[in-house]
Amino acid sequence: MEKLKNALKSVRVRLFVTLSFVILLIILFLILVNNFVFGQFYIYSKTKDLKSVYEVVNNHYITSQNIDLETQLEKIAINNNFDILIRNNQNVNVYTSNKDFFSTLGQMNEMTSRFHSNLGEVIENDEDFTIKKIKDTKNDITYILLSATLDNDYLLYIRIPITSIQESVKISNNFLYLMAGFAILIAAVIVSYVSRKFGDPIAELNYIARKMSNLDFSHKYRITDTDDEINNLGKSINAMSDKLEKTIQQLRNTNIELEKDIEEKSQIDEMRKSFISDVSHELKTPIALIQGYSEGLLENVNSDEESKKFYAEVILDETNKMDKLVKQLLELMKLEYGKREFQDKKFNIVELEREVVRKSQVILEEKQIEIKFKTEDEINVFADDFYIEQVISNYITNAIKHVKDVNKEKYIQIENIVDIDKNKVRVKVFNTGDNLAEENIARIWNRFYKIDESRNRKQEGTGIGLSFVKAIMNNYGNMYGVVNKDNGVEFYLELDLEI
């Protein structure tokens, strides 16, 4: 039932049903006309013919036209299936087209008596002639009979059987039934063609409209050379599709920009909150120290100059640490929230590593730490050398801080491994010493996380060095990390080779 309903909604089916219905109505109308009008029209036509013959015969005897009346009447009788009889005023047959037609005087009298009686249906009655429809019950034949008295007193009788017209109407109706069937079959072919010509474009337009309602503008109407309403509608839908697609794309772009602005503002707000939280947390100790030593100076806790100088140096040292911490935090925030642009260029990573080591030479010698290089002399990478130097410096500083004597060895090793297939170089900084606890491997990259709980302010850093490494490497999308080795810890990072 549902399929039938859907089928009836189809333009093709509805067009076929409508056209078939119209054809059936036309056929039905023709049958009704054939049944109720054709017979009357036939009688009317034959009545005119009868009167025409009457006028021809009467005019012949009045004007005495020099024509062969008998030959003319014979043609009329044959062409129209007429039986014609003319009798003079002595009841002698002047002309008869059918010998059986009133062949005897008795038949003629009977016929005349029947004609002038009330039997039959009068079709037309005039002072000169009378036309009736009479049924011969004996032979079951219906006739139209004209009886007239000519101007020369001759009697004229013309008879035509009309029983055949009923058979003709029946045959005609059967023919119309047959034609109705053929017409419906032809209509099916016509509808199939018309539906493809008009229904398919409409279905295509409907499909495109549905796609457009789902914001899919990839489908376009195929424009043809036909200059009609459907083709013009297709052009209009294509134009509307292009404009909608362009407008929606503009809205999407605007929305993306708006989302970026909102996200940026959200990040700035988050960065501000994080910065305030971190600063307020990390500056508690130096502020407390500055406050304590300042109060000591004000209250002259120690009056000697050396103690006052010590107090002032502590205050200055803590102030410098606070200044350094704030600057580092600001830089870290910019890195973490993508607010820092990198000035990438080609440089030799080995040369940069050696420069960082050179800057740390004093402390390396002080702690008697051996530096080992396991690398080529030149490996060119593409990155921002300023920030990569900070990463390498943080790794080496971290290694110096945690290096220990293991099996009578105390060294830091820098190794570079080139991977041509990946177009990467892996930089490794290893130091002998204790392994990291598993729970600390992921935490050491967080801001202010420190493994050393001694909190010796003279030796410990700010706790954000490895956070710098994490932020910088995340901006490049390269790998970084730390692994425990048998006799120490190895930090690593990857850089892109020169393009």
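How many residues sit between β3 and β4 in their hairpin? There are 3, and we'll come back to that hairpin below. Keep in mind that this is a predicted model. The protein chain has 499 residues, with 13 helices and 13 strands to find your way around.

**The chain as a whole**
- Of the 499 residues, 35% are buried.
- The protein chain exposes about 31,400 Å², and carbon and sulfur atoms supply 52% of that area.
- Take the contacts in the chain with a separation of 6 or more: residues 24 or more positions apart account for 62% of them.

**The hairpin**
- Strand β3 covers residues 121-125 and strand β4 covers residues 129-136.
- These two strands run antiparallel and are joined over 4 bridges.
- Want a pair to look for? Find E121, which stands opposite K133 in β4.
- As background, strands of a sheet pair through backbone hydrogen bonds, either parallel or antiparallel.

**The five-stranded sheet**
- An open sheet of 5 strands follows the order β8-β10-β11-β13-β12, and its pairing is mixed.
- At the edges you'll find β8 (370-374) and β12 (480-485), each of which pairs on one side only.
- On average, neighbouring strands of this sheet are turned by 20° against each other, ignoring direction.
- Within the sheet, strand β10 (residues 411-419) pairs with strand β11 (residues 424-432) in the antiparallel sense, over 8 bridges.
- One spot to check there is N416, whose bridge partner in β11 is V427.
- Helix α13 (residues 465-476) packs on the sheet, where it touches β12 and β13 (488-496). The direction of α13 makes about 30° with that of β13.
- When you look along a regular strand, remember that side chains alternate between the two faces of the sheet.

**A nonpolar patch on the surface**
- Eight names to highlight are L19, F175, L178, M179, F182, L185, I186 and I190, which form a nonpolar patch on the surface.
- Together these residues have about 760 Å² of accessible area.
- Which helix gives the patch its largest share? That's helix α5 (residues 163-213), with 7 residues.
- L178 is found in helix α5. Is L178 buried or exposed? Somewhere in between: L178 has 48% relative accessibility, so it counts as partly exposed.

Definitions and conventions
Residues numbered from 1 in each chain as written. Predicted model: local features only at pLDDT ≥ 70, side-chain atom pairs only at ≥ 80, totals over all residues. Heavy atoms only, no water. Patch = residues over 30% accessible without salt bridge, like charges linked within 9 Å, V, L, I, M, F, W, Y side chains within 5 Å. Areas by Shrake-Rupley, 256 points an atom, 1.4 Å probe, with all protein chains shown as cover. Salt bridge = Lys/Arg side-chain N within 4 Å of Asp/Glu carboxyl O. Buried < 20%, exposed > 50% of the residue type's maximum accessible area, 1.4 Å probe, protein only. Pairing = 2+ DSSP bridges. Axes fitted to C-alpha atoms, helices over the stretch in contact; angles between N-to-C directions. Contact = heavy atoms within 4.5 Å.
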